[in-house]
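Here are a few notes to read alongside the structure. I have kept them short and grouped them by region, so you can follow each one on screen.

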Amino acid sequence: MNAVSGATLRAVSNIEKDLLQERLDPIGNANYQKDRGCMEGTRTQVISDIVLWATTSSNQDLHPENPKADSVAWVYGMPGIGKTAIAHSICHRLQGKNQLGGSFFCRRDDPARSETKSVLPTLIYELATTFGPYRNQVVQALHDDPELKPQLTSGELFLSSLQLLEVHPLRTLVLVIDALDECGEPGARQQLLGHLLTACRQNRWLKAIVISRPERDIRSFFNAHGVVGRDLSQEDNSRTDIRQFTEARMKMVADERHVSQHPEPWVGERRLGHIVNRSGGLFIFVETLSQYLMKYKNPKLPLDRLLAGPSEEASVELHKLYLAAIESRVGSEEAESRLIARAVIGAAPHRALCDEAIAAFTGLQLATVSSWVDDLSSLLYREHTTNGGIRVLHISILEYFTGPFCPLDFRVDLKQANIELGLYCLRTMIKELRFNMCKLKTSYQTNSEIEDLNERVQENISDILQYSCLYWSNHLCSSLDPVSKEVCESLGIFLSGEWVLYWLEALSVMGRVPTAIEALRNIKRCRKIFEEGIVYLADEALRFILFFLTPISTSAPHIYISALPFIPSESSLWKATCKSFPDHMRVCEGRMKKWPGMAARWTGHTFYILDIAYSPDGLNVVSGSFDETIRIWDAATGTPVGEPLKGHTEDVTSVAYSPDGRNIVSGSGDNTIRIWAAATGLPVGEPLKGHAQRVSSVAYSPNGRNIVSGSYDLSIRIWDVETGTLVGEPLEGHTGGVMSVVYSPDGLKVASGSSDQTIRIWDAVTGVPVGEPLKGRAGTINSIAYSPDGRNIVCGSKGNTIQIWDATMGLPVGEPWEGHTQAVMKVAYSPDGQSIVSGSEDNTIRIWDAATGALIGDPLNGHTDKITSIAYSPDGRSIVSCSYDQTIRAWDAATGKPIAEPPAGHTNGVTSVAYSPDGQNIVTGSWDRTIRIWNADTGVLVNGPMKGHIGWVVSVAYSPDGRNIVSGSEDKTIRIWDAATGLPVGKPLKGHADKVRSVAYSPDGQKIVSDSEDNTIRIWDAATGALIGDPLHGPTDDITSIAYSPDGQNIVSGSLDQTIRIWDASTGAPVGEPLKGHTDIIISIAYSPDGRNIVSGSGDETIRIWDAVTGAPVGEPLKGHTSFIKSVAYSPDNRRIISSSYDSTIRIWDVATGAPIGDPLRGHIGLITSVAYSPDGRYIVSGSMDHTVRIWDAQHTPNSESFRWKF
C-alpha cells in the first residue's frame, strides 16, 4: 500500500476546510482576542475557578449534589463589570491548554455577531478545525446533503455530528459564548442554550461557558435546567481587583501625560479610594476614566471635578462620566457634533461606518469627523476589521447615547437619525448608481463565473453606496411616523426611474438580491407612512424582482437582457425605463400587458389545510395543514414566501401571528406549540410542552407577551412568550375537548369554546372563571371570536348555527343565525365589527350583518370541500379561506367575489398532458379546442391558449429538442406549434379522413406519427409537413394509441380490436404477429425507456406488460382499477408504471413485481384522461375531465391525496 504524502494530506485538509468555510460561513471576528483579557493579576480567582472547572473531566464530579451542573457554566453580571475581559482571559487560558473548542463573542451593534443563527455554525466550524474526527463527521454530513443549511437546522447538524462520533478527545473541549444577552431574541437564545445543554450532557468530553447579563430569559432557562450561575458582583476579590486595576490605569495616565508623582503619587490614597467607590465595581468606569483623563495635559483638575460631590450608585456615576466625556468635546450649540453622532449611532445596528463614509453622508469635512472621533476616544474606537468603522467601546455607551439618562442636548434621536440616514442613502444611490458599474465585459458569464467579481465590486461600488443599497429601507421604515415630503420626493425619483435597475445590478454583483425583496416589502408593510404613489412604485419593482428573480440573481447583465424586455407593456417600471435602453431586445408576440394577478387558488399544501391567519400588516398569510407544515403566502399574489416551516410531527391545527408580526405561533396534533420567526421561518426556542393531547387552538395576547392554547385534554394553558414557561396552573373546567381559544381585545380575559357545548370566560391574569359558562344547545362549539370592542362573543357550532353572546352578561343576543346546512367550522369579526364571516362543512362561506344577523349577499362558493378556517385582512377589504380541498382562496369582503384574474385554465376537459424534455414546462390539450403551456414549478400559464383547431384537441406531444409541440384533433388535422411563442409552425397537416386519436414525435425529432379513426397510421416529415410513404393500414377497427420505440425503428399501436401491433417505422411493414391477451379495447400504449418492453392499458380494467422483441406477455396482468385504463406511462428509470383510469384514480406499479405501490392517488373529481412522468422521474402530471391538471410527488405518496398543486 502506498503511503499518503504530507502534501496530499494537507491538500485534503484544505479542501475540507474550504468546504466548512463555504457551507458554515463562520463569523471570523467573533473569536476571542488574547490582548482583550483582564489585566495581569486581576480576576485571577474567578478565571482560575472557571478554567479548573472547564478542564476537569466531567467524570470527576466536582458537584456531587448536582450531577447535571457540570456540563454548562453560566457567569453573569451587570454591564461594565468586566464580563467580556474575563471571557477573553478564560479563552486564552483554555487555548494555552489546547482545550478551547470554540468561542463566540456576541455584540449588539454588529449584525453578524448579533444573530443567534450565526453562533452554532461558527462554533461547529471552530470545533471541527480543533478536533479531526468531528471535522470528518461534519464534512460527511455536508457532503451527504448538499442542500443542508446549518443556519436553518435548529442545531441538527451540531447534535447529530456529535452523536455519531466514535472517537472522543482525550481532554475536555470547551465552547465559550460571551454577551449572549446581545444576541437575538429571547426565544432564539433559549433554543441555542437548549442545544448547547443537550450537546454537553450527551457528550461528557464537551463543556460550555455562557457569559451574559442576568436577563430574564437566560436566568429562567438556567434555573429551569438546574444550572446555578456565578454572579460576578459577589466575588470576594472584586474590590481588590478593581483597586489594582485603578492603580495601574492611573499610573498609565501619569506616565502618558508626564504627571509628577513627587513628593506623592498624583492620585494618592484619597483619590484612589474615591475612584474605587464611584466605580461601584465596574471596570468600564475605570477604563473610560483613564481614557478621558488622557486628553488633558494636567489630568488632576478634571479628575477632581469628577470626584466632587457625594458618590452615587455605579450606573449613575458611569453616566456622569460619559456625560463629562461628551461635554469636553461637544458643546450644546455644536450642530455638527450632533449630526455626526446621529450618523454613527444610527448606522451602528447595521454596520459601523468609517470616518470617510460619515463625512460623505453628512457633507462635513473629513477633518471635522475625524477630530470628533479622536476627541471622544474614551467612548469610541475605530475597528480595523471593518475598515475603520466607528464603534462604541462598550455597549452601555450606545445605550447611554440613546437613553433617557443622556441630556437632550446630546441625546441621539433615533427617529431623526434614521430619517437622515435614509435620505443620505437615497441621495447616494441616485448620485452614484449607473449602468454596468463593475465594467463587466460579457453577459455570457454568470456572476459566479467572474473570478475577480469581488475585486470589481470593491473598486467600483463605494462603501457608502454598498451601505445605501443594503439599508435605505431599514432606515426609512424604522418609525411609524409619516415621512416628510423631501423623503417622498427622493424615494419617488429612485423608484420611478432606471435607478431601480441599477440598484438591482449592484445587489446582484454583491450577491444580495434578497435584500431588495425585503426592502420593498418594508415599504409596503409601512404603507401608511408613505404616499400612495410610492407604495405603488414599490409594488411594481417587487413584482419585477419576484417574476425575474433567477436571471436577476444569476447574472447582473441579464437584468437588461432577460428581464427588462419582458416587463408587461403597461407596467409603470417599463414606461419609466424603456427610453433609457433603446437597443434592448423587443418582444413582438406574446408579451404580457399587465402583471399576473392573484392566483384564484393558492396551492402548495399536500393535504387538508386546517387554519389560516393574516399578518398584522396584511402583507402575508400563514396557513397550517394536515401535511405537518406551515406555509407563508404573499397576500397580494397568493404565491408562497420561502420554504414550508417544518418541525411538527402531526397535523398543524392552528396558526396565528404575534401582534408585532415578527413571530408565528402554531399548535399541533403532536401535543406541542411552536413559535417561528416570521421573517426567516426558523423556530424560536423549544416547543412548548405540557398538553397531554392534541392542541386545537392557539392565540396571542394583544400585548404579545403571552400565548393561550386549548387542547383535547380539556385544559387551557397560558404561556410566557419570552421564557416558554407555563404561566400559572392550567385552566380547567370544560368536560369536553377545548376547540377554540381567544383573548379579549383588552387582554384581560380569555374565552374558550368546547365540545361540551359551552363557552367559558376566564380572567387572563388569575385563571379564575368569570361568571357561569355560556351554554348553548347547538352541539360542539367549533370556533369563537370577540367583537373588536370586546362587548360580544360570536360562536360557530356543529349544529350548523351561529350565535352571538353578550360577553359581560353571558346571555345570548338574539336567536341563532341559520343558513349553513352543515357544521360551522370558523367565525370571525370584520375589523370594524360590522360584519361576521363564517365557514362551514357545507363548502360555503357566508357574510352576516353583525347587528341584525341578516345574510349579506349570496354564499361564497368555490371550494370543493369543507371550509376549515377563514380570516379578515387587517383593513377589512379581503377575506381568505382554506379548505379540505387543499387550497386557499381570497375574496372581496364587500362583494363576496373571488379576488383573482379570470381563470387561465381550460374551460373543458383536459385530454392530454406532456412534460417538456427539460421538465420546466407542461403542455396540455383540451376539449375546449386549445393548447396551453404551463410552468411546471409554479403552475403559471406560460403560453396560450393556442388556438387553431376547430375540434377537440385529443393529443399533444413535445419534440425531443423541446422547441415544438404537435397536436392532434377531432377536426382531422395535426398542427405544429412553436413552444416558445405559441405560434403555429407552417400549415396544418391534412390527410386523415376521420378524427385524429394520437400523435407522437420520432426520437430524432424528424418525423411525426399519427393515428386516426380512419383506421390508418400516417408518418409525416416534421420539417416540411409532407406525408412520408403510404398510410399504414392494419386492423379493421379504429386505432386508439401509438408510440415510437426509443430507438425510432418501430411504432407500436393499440386498437379497438383488442390487439397491439408493431410496425417497422421505415417500411411500414408489420413486425411479427399482433399481441393478443386483452379482452376489451386497447386504449393506451407506451414503450419502456430502454425499449425492451411495451405496456398497454385496456377497457378490461387491466394493464399488461409485453416483451417488445418476442411479443410475449411479461408476468400477469396488473389489476386494481375498477374502470377503463385511459393512460399508461413508464418512469424514466424503467422501474415503475403509472396508470390513470375512468375510476378517477392514478396508480403506481412496481414493474418487477407487478404490485401496486402505495394507495391510489385521488383528487380529481372527473375521469383522468392522461398521465406522464417528469423527465427526472420526481413528479407525475395528470389531466382530467374536471378541467384541471394536477402535479403529484412521485417519490412520496404516503396517502391517496398527496399532490403538489393543481391548476
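1. Start at Val 794, whose bridge partner in β27 is Ile 804. Please keep in mind that this is a predicted model. The pair belongs to a wider contact: strand β26 (residues 792-797) and strand β27 (residues 802-806) run antiparallel and are joined by five bridges.

2. Now step back to the sheet around them. It is open and has four strands, in the order β25-β26-β27-β28, with antiparallel pairing. At its edges are β25 (781-786) and β28 (812-817), each of which pairs on one side only. From one strand to the next, the twist averages 15°. As a reminder, strands of a sheet pair through backbone hydrogen bonds, either parallel or antiparallel.

3. Another place to look is the hairpin formed by β18 and β19, which has three residues between its strands. In the turn, Leu 714 has a positive phi of about 80°. Strand β18 (residues 706-711) runs antiparallel to β19, and five bridges join the two. One pairing to pick out is Ser 709, whose bridge partner in β19 is Arg 717.

4. β19 also pairs with strand β20 (residues 731-732), in the antiparallel sense and over two bridges. Here Ile 716 has Leu 731 of β20 as its bridge partner.

5. Is strand β19 (residues 715-720) mostly covered or mostly open? Mostly covered: six of its six residues are buried. Ser 715, Arg 717 and Trp 719 point one way, while Ile 716, Ile 718 and Asp 720 point the other way. In a regular strand, side chains alternate between the two faces of the sheet. In β19 the residues pointing either way are buried, Arg 717 and Asp 720 included.

6. Helix α4 (residues 119-130) offers a simple length check. Its 12 residues should span 16 Å at 1.5 Å a residue, and its end C-alpha atoms are 17 Å apart, so the two values agree. The helix is mostly covered, with 10 of its 12 residues buried. Among the buried residues are Val 119, Pro 121, Tyr 125, Glu 126 and Ala 128.

7. Finally, look at the surface. Phe 1124, Tyr 1142 and Leu 1167 make a nonpolar patch of about 220 Å². Leu 1167 sits in the loop between β57 (1146-1150) and β58 (1168-1173). Why does Leu 1167 count as partly exposed? Because its relative accessibility is 33%, and the partly exposed class lies between the 20% and 50% cut-offs.

Key: Residues are numbered from 1 along each chain as its sequence is written. This is a predicted model: local features need pLDDT of at least 70, side-chain atom pairs count only at pLDDT 80 or more; totals for chains, interfaces and linings use all residues. Side-chain values use heavy atoms; hydrogens and water are left out. Two strands pair if DSSP finds at least two bridges between them. Axes are lines fitted to C-alpha atoms, for helices over the stretch in contact, and angles run from 0 to 180 degrees between N-to-C directions. The expected span of a helix is 1.5 Å times one less than its number of residues. Buried means under 20% relative accessible area, exposed over 50%, partly exposed in between (1.4 Å probe, protein chains only). Patches are made of residues with over 30% relative accessible area and no salt bridge: like charges are joined within 9 Å, nonpolar side chains (Val, Leu, Ile, Met, Phe, Trp, Tyr) within 5 Å. Accessible areas come from the Shrake-Rupley method with a 1.4 Å probe; for residues, only the protein chains shown count as cover. A salt bridge is a side-chain nitrogen of Lys or Arg within 4 Å of a carboxyl oxygen of Asp or Glu.
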